[in-house]
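Here is a quick tour for anyone meeting this structure for the first time. Have a look at it, and then we'll walk through the sheet, a couple of loops and the ligand site.

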Amino acid sequence: MGAGHGVFNFGPHKNGRHKVITVMCEKQFSIKSYVLRNGRITKAQQRSLDTLSGTYCIPFNDGPVDFGLVFNNSNPVTIEIGFGMGSATAEIASANPQKNYIGIEVFRAGIGRLLMEIDKRHLTNIRIVEYDVTAVLKKMIPDGSIAAFHIFFPDPWHKKRQNKRRLVRLPFTDVLVSKLRDGGYVYMVSDNEDYCNFALAELTSTRTLHNAYEKFAPRQDWRPPTKFEKKALASAKDVKELLFVKNWKAFYEPANGDDEE
Ligand SMILES: C[S@@+](CC[C@H](N)C(=O)[O-])C[C@H]1O[C@@H](n2cnc3c(N)ncnc32)[C@H](O)[C@@H]1O
């Protein structure tokens, strides 16, 4: 396999139903990041994919996105990585019309589902990129342009030998930081205790990130539960949250220096 971004290796999973994808992301690191779920796409989801993608999906390409052009405003932009079926994404965007949201996902049924929801709620502040997040960040997102990253229930990769596939780890967290503006944050939620402890260590070791809480964050009450969270709660699993801010001082200090002597 050649170097460079976006080079995919499709190979049958041992049960024959899934395909494993290897992503070479520039030369810095490679992640076997996810297993493509062959979930059935309903007729309604397919219809949304056919009719709404042109309006709400940004095609993957090699150039930086001009958010002003895409959203027709200069509101802050939050990126949600791996939104799944997108129910929380739609709800958060609906509650915050003064902010813009970009959802990045590779699961087609989920993209179709979120498109339906965007249409139903007449949301103008969400766009979707259907592609691997590592390549999207590298190629399409300008440095210092993002207000927040939401990562809700990322694939946990339970087995020790699979831990390297976890997204919330260095050097990917360095990439997140490079895309954040000062005072921007990374917000991760998971029901996998081992992943939470692992991510806590990785985020703590990421330069310029500061934990907003001593260890884990309390539940952020503005966050609606996601589909995976509902499953976790149904099986009485503990859900943990992590909230890290880039250049913490910028989060607090008034931009115009009004309060300074
Ligand atoms: C466990 S699911 C959680 C979905 C949703 N956030 C929820 O809580 O219900 C993780 C999602 O992340 C997506 N994902 C994993 N790695 C990704 C990547 N590199 N780029 C884009 N999406 C990814 C998967 O397709 C999957 O839908």
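Let's begin with two strands that run parallel: β7 and β8 are joined by 5 bridges. The names come from DSSP runs, numbered from the N terminus, with helices being H or I runs of at least four residues and strands being E runs of at least two. Two strands count as paired if DSSP finds at least two bridges between them.

Before going on, note that this is a predicted model: local features need pLDDT of at least 70, side-chain atom pairs count only at pLDDT 80 or more, and totals for chains, interfaces and linings use all residues. Residue numbers start from 1 along each chain as its sequence is written.

**Around β7**

Within the β7–β8 pair, T78 sits opposite Y101 in β8. Add helix α3 (residues 87-95) and you get a right-handed β-α-β unit made of β7, α3 and β8. Right-handed here says that, with the strands pointing away from the viewer, the path from the first strand over the helix to the second runs clockwise.

β7 also has a parallel partner in β10, this time over 3 bridges. There, I79 has F149 in β10 as its bridge partner.

How well covered is strand β7 (residues 77-81)? Mostly: 5 of its 5 residues are buried. Buried means 20 or more other C-beta atoms within 10 Å of the residue's own, exposed means 12 or fewer, partly exposed is in between, and the C-beta atoms are placed from the backbone. V77, I79 and I81 point one way, T78 and E80 the other, and all are buried.

**The whole sheet**

Zoom out and there's an open sheet of 7 strands with mixed pairing, in the order β9-β8-β7-β10-β11-β13-β12. Its edge strands, β9 (126-130) and β12 (209-211), each pair on one side only. On average, neighbouring strands are turned by 20° against each other, direction ignored.

Strands β10 (residues 146-152) and β11 (residues 180-190) pair in the parallel sense over 6 bridges. F149 turns up again here, with V186 as its bridge partner in β11. Helix α6 (residues 172-179) packs on the sheet and touches β10, β11, β12 and β13 (240-246), with its direction at about 140° to that of β11. Such angles run from 0 to 180 degrees between N-to-C directions, using axes fitted to C-alpha atoms, for helices over the stretch in contact. Contact means that the C-beta atoms of two residues, placed from the backbone, lie within 7 Å.

**Two loop residues**

G82 is in the loop between β7 and α3, and N192 is in the loop between β11 and α7 (193-204). Leaving out residues up to four places away in sequence, G82 touches E105, I151 and P154. Why do both count as buried? Because N192 has 21 other C-beta atoms within 10 Å, and G82 has 22.

Here are two C-alpha separations:

| Pair | Apart along the chain | C-alpha separation |
|---|---|---|
| N192 and W157 | 35 residues | 9.4 Å |
| G82 and D132 | 50 residues | 9.2 Å |

**The ligand site**

G82 is also among the closest of the 22 residues surrounding the ligand, along with G84, F153, T226 and F228. A residue belongs here if its C-beta atom, placed from the backbone, lies within 6 Å of the molecule. The shell divides into 11 nonpolar, 6 polar and 5 charged residues. β8 (100-105), α5 (133-140) and α8 (227-234) each supply at least two of them, and α8 gives the largest share, 3 residues.

Key:
Nonpolar A, V, L, I, M, F, W, Y, C, P; charged D, E, K, R; others polar.
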